[in-house]
Amino acid sequence: MEASLCFALLVFLPAFTSTVALPQKRSAQGHGSDLEIYSFHVDCKVTSCFAHNVLTSRMANRANASREVTFDVELPKHAFISNFSMTIDGKTYVGVVKKKEEAKQQYDQAVSQGQSAGLVKVSGRKMEEFKVSVNIAALSKVTFELTYEELLKRHLGKYELAIKVRPQQLVKHFKIDAHIYEPQGISFLDAHAAFLTNDLAETVKKTLTQDKAHVVFEPTLDQQRKCPECSESILDGEFIIKYDVKREASAGDIQIVNGYFVHYFAPTDLPRMRKNVVFVIDRSGSMYGKKMQQTREALLKILEDIHEDDHFGLITFDSEVSTWKSTLVQATPEMVQQAKTFVGRITDRGATDINAAVLKGVEMLKISKEERKLPERSVSIIILLTDGDPTSGVTNLEQIQFNIKKGIEGLYTLYCLGFGFDVNYNFLEKLALENGGVARRIYESSDSVLQLQGFYEEVATPLLQQVELQYPGNGVSDLTENVFRHYYNGSEIVVAGRISKNDLEILSVQIKAGASSSDLTLAAETPVEEQDEAVKKHKYIFGEYIERLWAYLTIQQLLSKIVSAQPEEREALNEKALQLSLNYNFVTSLTSMVVTKPEEGQTDRTMVAHKPTEAEQGDRVDFSHHGLVGAAILPVKPGRTSSRGSYLKFSSAQQALPSRHPKRVHSPIVSLASVHYDMPVASVHYDIQVASVDYDMPVASVHYDMPAPQPTHRARPTHTARLTQKARPTHKARTTHTARPTHTAPPPTHTADENPRFVIPVKNKQRSVCFEITAPSDGVILQLVSDADSGITINGELGEAGKSAFQKIGIVYKDLYEIEFNTQGLSLVNKTDNSIQTLSWSPMNIVLDSLSLSSSNGRTTEVTLGSTVIEVLLHRSRQDFLWLKIKLNDFSAGSTGLLGRFSRQLSVKEGKIGSKVLIEVYGHDVTVTRDFTIDYGTLSKDRVSCWVVPDGGRGAIEGSYSDYVVQTLFQKP
């Protein structure tokens with residue numbers, strides 16, 4: 001899977017986690033004490049806001065046998081790795097940066113030849129995780145060293161460097177050593193961490209002079225302890241360094257080294273420009289529940305902060321577009337209060353017409369300007385918030401992009417906020433970039449409100465617009481971007497370039513921009529040779545840092561241009577970015593780093609690290625919130641985006657597989673967003689039979705008659721069918737083009753004690769296939785998955801009669817390990833020496849060869865079995881029970897078990913005959929009902945929309961549930 005490079009006004013913070021994955025409790029063999037991180041050193045050098053960070057971790061195997069150690073670090077998504085090496089037994093293995101296609105070819109070749117291949121990097125929300133595991137011999141040591149570089153972005157008036165530390169054990173030599181050199185001078189410095197106690201805070205040493213800062217954090221072993229007698233480390237969190245620079249020159253600061261220059265422009269003494277903002281808010285059915293609630297809450301807080309001189313408008317949309325006022329209004333207290341009332345009444349319903357909604361925002365701005373309701377010198381922006389693809393009105397993505405670009409005409413800036421992972425981030429990113437803005441993903445979590453507020457805060461105070469920085473045309477070349485739509489308070493404009501004239505004595509710049517009351521012109525001159533010598537003499541300079549800064553910034557901007565470029569331009573931009581990446585040894589989205597290490601007594605081990613993009617993080621089928629599922633989804637073809645997206649690629653191993661396993665599906669199982677309703681994909685068609693009349697209807701137009709349940713919340717409205725042939729339907733389909741909700745009843749609410757249903761995701765659908773098992777007696781054991789190729793068998797013992805909930809889950813891995821989970825804890829049996837380790841439900845981290853168990857909350861345990869990752873969840877209720885989630889699997893096409901068939905692609909068609917609802921599953925027609933169910937694959941028990949298969953899933957599963965009954969918890973076929 002690949003993950004993400006977010007375009008945003010947000011500063012991504014560097015962070016590190018270095019771990020040897022050790023058990024929380026000492027194992028029977030005492031392996032935990034055999035593996036030791038004896039040195040952990042973070043060396044940060046920041047010069048002119050360009051950070052060069054080196055993380056060095058030294059580990060030792062004190063055992064008399066070889067052990068596997070894990071090097072696990074986090075770094076910001078905007079950073080580029082420039083070096084990685086491992087030194088084992090005095091020999092250093094260095095990573096080589098290659099073109100991504102070449103690295104993939106080398107990786108695939110290694111796999112096809114039976115060599116060991118490693119997944120080096122995956123991604124998270126704000127960080128990218130770099131993780132590699134290697135075997136080291138008995139009584140040996142290994143040194144890992146990772147270097148990455150990035151330009152720190154100024155965010156709300158400060159630069160932040162956050163170093164995430166989580167060694168998970170006491171480290172004899174632990175040190176964070178940060179040197180900062182800013183030629184402009186440093187105005188303030190701070191360093192803190194949430195884990196710092198009063199005593200530990202005293203170990204943080206800060207030194208600040210005119211233009212240098214030095215921060216050292218070097219706690220002793222005793223100072224790292226959670227308590228005087230504890231062996232656990234208190235170091236767990238972000239160590240944050242904040243600073244800003246002095247800004248005396250209004251035209252900014254220019255620095256020159258070895259023929260390259262960088263210009264920082266961030267004026268602070270300008271009056272704010274008045275702002276006109278239109279909020280375009282998705283209220284479609286998929287915004288149901290928490291997303292809609294958080295959106296309302298965020299808008300209410302944003303309205304409280306909007307400046308009284310600003311003008312604003314509110315648009316909500318589903319398949320229809322609604323406006324609060326027909327034009328923008330000034331943010332007087334009275335108008336703000338009326339707007340709050342409107343926001344409080346926004347409810348979710350219908351489909352998603354992004355095209356009409358954004359064009360309505362453009363129209364509002366144009367009408368307001370024509371009617372002279374907006375200040376003459378003001379900044380106009382549109383903020384779009386949506387959580388899904390367009391499913392109503394114009395649904396062709398390229399047509400929408402064309403329409404909106406033509407409508408905006410370069411007059412306004414469009415910012416696109418994608419809520420969750422159901423959005424087509426490629427589409428939103430291109431839409432924003434083509435209209436002068438950026439795209440941002442809003443993650444579904446408890447802090448979604450803060451994310452939305454944080455974005456608005458970044459654009460809340462414009463100081464300049466149409467900013468252009470001009471340099472002598474015959475003296476400089478290879479300029480990065482030098483024209484900017486807006487400059488916001490607390491941010492910074494950075495331009496870099498190359499001095500092409502050898503005898504250039506003075507580098508001059510002229511800045512032109514529109515300000516609040518008049519046009520602004522600023523000018524500055526910098527002596528080239530004098531500046532060069534002044535900067536070179538400082539010891540904190542690392543190499544050709546301005547040249548590398550220029551390369552870094554150029555690559556970032558080229559990658560951004562590629563997103564919105566025409567096909568004929570894209571190839572040239574891609575080639576230029578690729579060559580720069582290779583020349584400067586940067587791991588970017590176009591390159592990969594390959595590390596090859598000989599393994600003792602085995603073939604070589606090839607590991608590949610590659611950098612993903614934010615769009616690729618979203619282009620996946622996300623099932624991590626679902627419960628007990630098989631690998632039911634296949635990726636779409638490269639370059640094609642489905643409504644649910646393609647897989648997030650961890651490495652090339654997730655793509656085309658070696659020919660010796662032609663039918664194998666490598667499918668990351670992660671979760672759909674929390675709740676999905678009738679929001680079908682506009683580009684897919686069903687053949688639906690109604691009273692012997694066939695209609696070929698777009699899915700977005702299908703009318704679903706859903707029985708009205710009884711609970712307290714308002715239900716999802718359904719779509720109205722638009723008929724494409726002239727016939728008189730016998731069902732209740734409307735023949736108009738206006739979508740109306742057919743009822744307002746809520747989805748059914750489930751209690752924790754209700755019989756859990758198995759939830760099987762369906763390709764390109766927002767509704768899953770669900771079924772439940774009602775065993776006649778307690779203690780029935782079901783074979784869930786059995787796969788001979790991967791050596792994995794998973795069985796589950798049902799608890800109370802008539803319930804699908806498990807009281808025990810048994811896992812067999814390669815006949816080497818047996819793991820039994822129950823509601824009290826787990827036991828791990830090593831079949832090699834018959835040792836047993838028993839653990840309660842509590843945080844843990846255990847690594848044994850290719851098997852690992854980890855838990856951070858004590859109620860969800862992640863089990864890694866080679867390339868397969870599952871989670872076992874403990875649900876507390878009237879009678880505690882277990883549930884299973886398969887996050888990532890390497891099951892073969894021949895896998896069996898109750899859920900074994902779902903390792904193949906599950907594609908479902910729906911139709912109606914009379915009052916019956918039918919779906920086609922693997923060529924068989926199955927009568928179903930539509931319902932909502934709790935997904936026990938998350939502790940939050942999200943509700944999902946389902947086709948419920950009666951009679952224990954008969955028709956969807958092969959045979960009946962009784963065909964999968966086995967006699968023991970670890971029985972294999």
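A disulfide is here a pair of cysteine sulfur atoms within 2.5 Å. In this predicted model, the disulfides of the protein chain follow the pattern 1-2, 3-4, with bonded cysteines counted along the chain.

## Overall content

The protein chain contains 14 helices and 54 strands. It has 973 residues, of which 60% count as buried. Contacts between residues at least 6 apart in sequence join, in 71% of cases, residues at least 24 apart.

## Cysteines

The structure holds two disulfides. One of them joins Cys 227 to Cys 230, with an S to S distance of 1.8 Å. The torsion about the S-S bond of this pair is about 90°, so the disulfide is right-handed. Cys 227 has a relative accessible area of 28% and is partly exposed. Buried means under 20% relative accessible area, and Cys 230, at 19% relative accessibility, counts as buried.

A disulfide also joins Cys 770 to Cys 946, with S to S 1.8 Å. This pair links distant parts of the chain: Cys 770 lies in strand 38 (residues 768-771) and Cys 946 in strand 53 (residues 942-948), 176 residues apart. Cys 770 is buried at 0% relative accessibility, and Cys 946 is buried at 0% as well.

Two further cysteines can be placed by their accessibility. Cys 49 is buried, with a relative accessible area of 1%. Cys 416 also counts as buried, at 0% relative accessibility.

## Strand pairs

Cys 416 belongs to one face of strand 24, together with Leu 414 and Gly 418; Thr 413, Tyr 415, Leu 417 and Phe 419 make up the other side, and all of these residues are buried. Strand 24 (residues 413-419) is thus mostly covered, with seven of its seven residues buried. Strand 23 runs parallel to strand 24, and Leu 385 stands opposite Leu 417 in strand 24.

The table lists this pair with two others.

| Strand pair | Sense | Bridges |
|---|---|---|
| Strand 14 (residues 204-208) and strand 15 (residues 212-217) | antiparallel | five |
| Strand 18 (residues 260-265) and strand 29 (residues 493-499) | antiparallel | six |
| Strand 23 (residues 378-386) and strand 24 | parallel | six |

Strands 14 and 15 form a hairpin, with three residues between them. Within this pair, Thr 207 has His 214 of strand 15 as its bridge partner.

## A four-stranded sheet and its helix

Strand 18 and strand 29 belong to an open sheet of four strands, in the order 17-18-29-27, with antiparallel pairing. Its edge strands are strand 17 (253-257) and strand 27 (476-477), each of which pairs on one side only. Between strands 18 and 29, the bridge partner of Phe 265 is Ile 493 in strand 29. Helix 11 (residues 545-564) packs on the sheet and touches strand 17, strand 18 and strand 29. The direction of helix 11 makes about 65° with that of strand 18.

## Helix 4 against helix 9

Two packed helices are described by the angle between their axes and the distance between the axes. For helix 4 (residues 290-305) and helix 9 (residues 448-459), the axes come within 9 Å and cross at roughly 40°. The crossing of helix 4 with helix 9 is right-handed.

Which residues make the contact? Helix 4 contributes Gln 294, Thr 295, Glu 297, Ala 298, Lys 301 and Ile 302. Helix 9 contributes Ser 448, Val 449, Leu 452, Gln 453 and Tyr 456. By type, the residues of this contact are five nonpolar, four polar and two charged.

## Surroundings of Ile 176

Ile 176 is found in strand 12 (residues 173-181). Is Ile 176 buried or exposed? At 0% relative accessibility, Ile 176 counts as buried. Leaving out residues up to four places away in sequence, Ile 176 touches Val 42, Ile 163, Val 165, Val 215, Val 216, Phe 217 and Phe 239. One of these contacts, Val 215, is 39 residues from Ile 176 along the chain, and the C-alpha atoms of the two are separated by 7.8 Å. Val 215 falls within the residue range of strand 15 (residues 212-217), which pairs with strand 14.

Note on methods: Residues are numbered from 1 along each chain as its sequence is written. This is a predicted model: local features need pLDDT of at least 70, side-chain atom pairs count only at pLDDT 80 or more; totals for chains, interfaces and linings use all residues. Side-chain values use heavy atoms; hydrogens and water are left out. Axes are lines fitted to C-alpha atoms, for helices over the stretch in contact, and angles run from 0 to 180 degrees between N-to-C directions. Helices (H or I, at least four residues) and strands (E, at least two) are DSSP runs, numbered from the N terminus. A crossing is left-handed if the near helix is turned anticlockwise from the far one by less than a right angle, and right-handed if clockwise. Contact means heavy atoms within 4.5 Å. Ala, Val, Leu, Ile, Met, Phe, Trp, Tyr, Cys and Pro count as nonpolar, Asp, Glu, Lys and Arg as charged, and the others, Gly among them, as polar. Two strands pair if DSSP finds at least two bridges between them. Buried means under 20% relative accessible area, exposed over 50%, partly exposed in between (1.4 Å probe, protein chains only).
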